[in-house]
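Me: Could you walk me through how this model is put together? I would like to look at its domains and its cores.

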Amino acid sequence: MNALIRSLLAAASLALSAGGAMAQTTVKWLHLEVNPNQLKIWEEVARSFEAAHPGTKIEMQFLENESYKAKLPTLLQSNDRPHIIYSWAGGVLKAQIEAGVLQDVAGSIKDIAPEISPAALAAFTQDGKVYGLPFAQSQVGFLYNKDLMAKANVDGTKIKTWDDLLAAVKALKAAGVTPLTVGGGDKWPLHFYWTHLAVRIGGKAAFQAALRGESGGFEGETFQKAGDLMKQLVDLQPFQNGFLGFKNPQSTGYFGDGKAAMTLVISTVYHQQKALAADKVGIPDDKLGWFDFPTIPGGKGEAADTLGGINGWLVTRGAPKEAVEFVKFFVSKDVQSRLAAGNFLVPVVKGADAAINNAFMRNIAQNLARSNYHQNFYDQDLGPSVGRVVNDATAELAGGSMTPRQVSKAVQDAWKQGN
Amino acid sequence: MLASTTARQRGAGRMTAVILFLPPALLLFTLFVVMPVVEAAWYGGYNWNGFGSPKNWVGFDNYRMVFETRAFGLALRNNLLVIVVSLAIQLPLALALALILAEKFRGAVALRMLFFLPYVLAEVATGLIFSFVYDGDYGLLASIYRFFGAEAPHLLASTQTSMLAILIVVVWKYFGFHMMLFIAALQGQDRNLIEASRIDGASRWQTIRFVSIPLLYPTIRLSIFFAVVGSLQLFDLVMPLTRGGPADSSQTMVSFLYSHGVTRMRVGYGSAIGVILFVICATFAITYKRWFMRDE
């Protein structure tokens, strides 16, 4: 009896503290961010949303990158699924849409849609339905160490074509400098070479054609040539010793320690090379350069085309309307400006890039704004069953255990199997 | 008459025990062992990415594709390599150490603990530690090479040496466990037998060869069983070291399942690998039990 009264009292006091008759809504937000500085801002965003929406609680849930990918299918099909999930768009998003685990939010985001970069929003749109909102973009390109380049009399700003890059690699090798560092053990850092070459050689048209299975698919001319050109580079042995054993953070630290002249990376490595360097300082801004991926003479892709990531938040089926509100709040100009001011990301909302206060990130933002064709990472865009094969095969090309033809065939075979 | 009644009573008592104790165990076993195995066998017939329910029935296509994948052959080869190294290097080493350390002398216990320590360490932690040891730029191995004025190889980065590097860690990590098994068995041996052989004029070596080791046979058989099953399960040591690379050269059956099934969201294909692995494990366990461990 006593226990019953006590529990009734507890329930009553809970109801009172929740603000009388108002029901408490909890929005479960699943993310995989590990940078504490960025997380601090996210926490603040969640708290200010709660303050503006009494009765709503934002519950942040975390999973590590790889386990997130492995667990998500099961998680999404349970009754306890999170309401907001992280996404790289592409093939996984497509599978989630087909499985019907996501919610169409097109109706409720009409007011802010015009503010968002059309290319980024398109990545989360299928057949006129919008399943989430993008919040960040990134670009793949070459970071370089000005001091090391100077040792070989190479000027990073002058590297415009693929042959320029090959010449730079030869000059650096001759000067006893390791030209490139790459996290080959993780494989995906190597797939940037093959895929960005394909973006330059065939442009958007070639990729779209391959998806339709036209002109040989991924065994077509564009992708064969991408393999051949990548092989030209690999044959110069441009990478650091043991590059196939390096994980990506290790390679980033190697660059930050000033042990290699260049590295082909996602623009966010600009920060990471500082954090991962042995001295935690890394290459200072005045010694650090960036050049876009070189062009190929006769290539059908435009020089302004970019390869990179598109990150966003998806709203799952059955999520409360507060979840949509929160995602909208997250990509509001105010929040985007705050994240941009911390130089954590290139925002997707018009005008928010004005808050970027450093030259490096501003340059990336301008590149992305100029780009007419922003290709999402292949390993995301093609979905895991094909994307991982792209990663594996290009790593084998770099290691010399596969020929360019075999790479194209492996990717095409995986594509045929999955579609 | 009386005798048969007690027998019947005893039989009834046994029945009660069976009825009382079997269902919970049977339920748990069915729920967590039989069901997943049956489910995996069922998924193995579908081309399925894990979303929704499996619809695209492909028959034995997944199995055919597994057998056609080069990584599968490499994984199988590597598992066999682990078994061979376990039997040819790890067990003899463990046995030799056990024969020395089973004796009572100053420091024997401390040495036993020392050799047993690697086994206590978590697999993932071991993998991480050795990835630092093997690092060709900053690692322990690199400093040893540099001391002799040579340039260190990146063991984990070459298809030729990645599996060798893993094998070294496997031996280092598990020999202590087998050593402990042997020490426990040696200490349980009847001292009288050994003393008797001494009195009969057997040399120390002869005592070991003809008395101690034959008495150890049951333990050796158990040890081999653990070594083989452990090899088939090898995964958490490989992931932090090489993730099965480069070019699948250090893939084991389970890491192959993980990298080609789970991370690629190919649930059907992964299930097919799981079923193959299950068949290998079950066949081994049953035949080994039947042929070599029937007395125990």
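**Domains and cores**

Reply: Happy to! Chain A is split into domain 1 (25-138 + 309-370) and domain 2 (140-307 + 382-418), with bounds from an automatic or database domain assignment. This is a predicted model, where local features need pLDDT of at least 70, side-chain atom pairs count only at pLDDT 80 or more, and totals for chains, interfaces and linings use all residues. Residues are numbered from 1 along each chain as its sequence is written, while chains are lettered from A and ligands numbered from 1 in the order in which they are written.

Me: Which element gives the most to the side of domain 1 of chain A that touches domain 2 of chain A?

Reply: The contact (C-beta atoms, placed from the backbone, within 7 Å) takes 13 residues from domain 1 of chain A and 13 residues from domain 2 of chain A. On the domain 1 side, α4 (90-99) and α14 (359-370) of chain A each supply at least two residues; helices here are DSSP runs of H or I, at least four residues, numbered from the N terminus. With 6 residues, the one giving the most is α14(A).

Me: Which helix gives the most to the largest nonpolar core?

Reply: A nonpolar core is a set of buried Ala, Val, Leu, Ile, Met, Phe, Trp, Tyr and Cys residues joined through C-beta atoms within 7 Å, buried meaning 20 or more other C-beta atoms within 10 Å of a residue's own. The largest such core has 98 residues, and B:F182 is among those with the most contacts inside it. Giving 13 residues, the top contributor is helix α7 (residues 162-187) of chain B.

Note on methods. Two residues are in contact if their C-beta atoms, placed from the backbone, lie within 7 Å. A residue is buried if 20 or more other C-beta atoms lie within 10 Å of its own, exposed if 12 or fewer, and partly exposed in between; C-beta atoms are placed from the backbone.
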